Every structure is written in C-alpha cells, then in structure tokens.
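Let's take a friendly walk through how some helices pack in this protein. Have the 3D view open as you read.

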Amino acid sequence: MNRSLRALLPTLLDLIVPTVVYYLLHWLGVADVPALITACAATAGYTVPRMIRRRRVDTLGLLVIAELAATVALLSLSGDARPALLRPTVHLSVAAAVFLFSCWRGRPLTYTGATPMATKGDPERAAAYERSWHNSPQMRTTHRRLTAAIAAAMLGYALLNAVIVYAFPVSQADGLQKVPGIALILAIMVMLRSRVPRLSRIVDAEQQRPTDAHQSPTAAHT
C-alpha cells in the first residue's frame, strides 16, 4: 500500500463504514434514525481501537468521535435524520473559512500538506523548502492559490451536500452524499500533486543558492 493511500485510509473508512452499516440495517427494515445511530456507533467502534493501537491521542480521531457523539445526540433529541446528514456541510464550510483565512494570515494550510511530496523526506530539501517560503514569491503565491482552490472545492461540496440531503429521501441521501465526498478527497489529492513539480523546482533553485544568499529581506513573511 503506497503512502498516499495509507494516509487516506482512515478518511475513506469514515466514509465507507457508516454507509455500509446504514444500508445493511435499512435493508433489514430498521428505521432511518436508529440505523444512522448504529452506523455512527460502528464508526466509533474502529476509531477508538485505532487510537489505542497507536498509543497516542489522535486529534482527527477525537474529532470524529466528537462529531459522532453530536450526531447521535441530535438524532436522539430531534428524531429527524436530515439535520444529522447536514454535518459535512457545516464542517466543510468552517474548514473552507479556515483555509481561506490562512491565505492572508500566517502560512496557507497547503504549505504543510505539500511538504512531504516536495521534500521527499530529505532534511536538506526540507530546510530549502522552509527558506523558499521566505525567499520565493512564487512559492507563496502557489500555496495561496492552491489553498483558495481547495477552499472553493470544500464550499462546492458543502452546498451540493445540502441540496442532496433535502432533494432525496434519507435512504438515498445518506449514500449519495458520500459520492461528492470521495470526489472531493480525490480532487484535493490531484490539486496537491499537480503543484508538486513546481514546488520541487522552487526547492531545487533554493538549494542551489549561495549560502550567504539564504537570508532574504522577504524573511518577514511568516
């Protein structure tokens, strides 16, 4: 299994497991709300052991558990499955806002996401990648545009998810909303990888710069 797929596996499981459990229960005649609650519990059932095996607190795992707990509470109190299905819309809207904010304050979030691909785990390239942020306007522009594009994709999915939830019966909406979710993950991967050659060239150029030229007046960009 390559690194990209291994990194995406937890996210894919978060999409696939609850869907499979829900449709299985729905096929067995279980009502929408109990089926969705059980699907959420099934997702937590592998998220918690995953953290235990790693022997460390997984921030993403805790976020998933918190989201599932909120979903179960909402379903239990309201008895309406549709608000719970809007969870991705709310979360991705917030995430998109954070991505956009990072374009103007600090470093765009894609800076960290693209680091392994642009540096290939080489400490010297990692140092050059860090210097490139200070010395290369092209580096900063590339990451800001990439981050903004990903934010736009997130907002597009958030809107589409809301349309799906209220345009289709719950039994169909729960499955249909996963399709653009998977498409969003793939689109983000493609966007990141498409910029890797450009980022790598910038890092290559930075490595070739004279040592005394590594410090630049543009280092004020943090």
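In this predicted model, helix H5 passes helix H9 in a left-handed crossing. H5 covers residues 87–104 and H9 covers residues 137–167, and their axes come within 8 Å and cross at roughly 165 degrees. An angle over 145 degrees counts as roughly antiparallel, so H5 runs roughly antiparallel to H9.

If you would like to find this contact on screen, look on the H5 side for residues including Pro88, Leu92, Phe99 and Cys103. On the H9 side, the partners include Arg144, Ile150, Met154, Tyr157 and Asn161. By class, the H5 and H9 contact holds 15 nonpolar, 5 polar and 1 charged residues.

H9 also meets two other helices, H11 and H8. Here are the three pairings side by side:

| Helix pair | Axis separation | Crossing angle |
|---|---|---|
| H5 and H9 | within 8 Å | roughly 165 degrees |
| H9 and H11 | within 10 Å | roughly 175 degrees |
| H8 and H9 | 6 Å | about 95 degrees |

With that crossing angle, H9 and H11 are roughly antiparallel to each other. Among the H9 residues in this contact are Met139, Leu146, Ala153 and Leu160, while H11 brings residues such as Leu184, Ile188, Arg195 and Ile202. The contact of H9 with H11 divides into 17 nonpolar, 4 polar and 2 charged residues.

What about H8, which spans residues 123–135? Angles from 65 to 115 degrees count as roughly perpendicular, so H8 and H9 are roughly perpendicular to each other. Tyr129, Ser132, Trp133, His134 and Asn135 of H8 meet Pro137, Met139, Arg140, His143 and Arg144 of H9. This contact has 4 nonpolar, 4 polar and 2 charged residues.

Finally, a closer look at H11 itself. How far should its 30 residues span? At 1.5 Å a residue, residues 178–207 should cover 44 Å, and the end C-alpha atoms lie 42 Å apart, which agrees. Along the way, H11 bends by about 35 degrees at Val196, and the proline Pro197 follows within four residues.

Terms used:
Residues are numbered from 1 along each chain as its sequence is written. This is a predicted model: local features need pLDDT of at least 70, side-chain atom pairs count only at pLDDT 80 or more; totals for chains, interfaces and linings use all residues. Side-chain values use heavy atoms; hydrogens and water are left out. The expected span of a helix is 1.5 Å times one less than its number of residues. The bend at a residue is the angle between axes fitted to the seven residues ending there and the seven starting there. Axes are lines fitted to C-alpha atoms, for helices over the stretch in contact, and angles run from 0 to 180 degrees between N-to-C directions. Angles under 35 degrees count as roughly parallel, over 145 as roughly antiparallel, 65 to 115 as roughly perpendicular and the rest as oblique. A crossing is left-handed if the near helix is turned anticlockwise from the far one by less than a right angle, and right-handed if clockwise. Contact means heavy atoms within 4.5 Å. Ala, Val, Leu, Ile, Met, Phe, Trp, Tyr, Cys and Pro count as nonpolar, Asp, Glu, Lys and Arg as charged, and the others, Gly among them, as polar.
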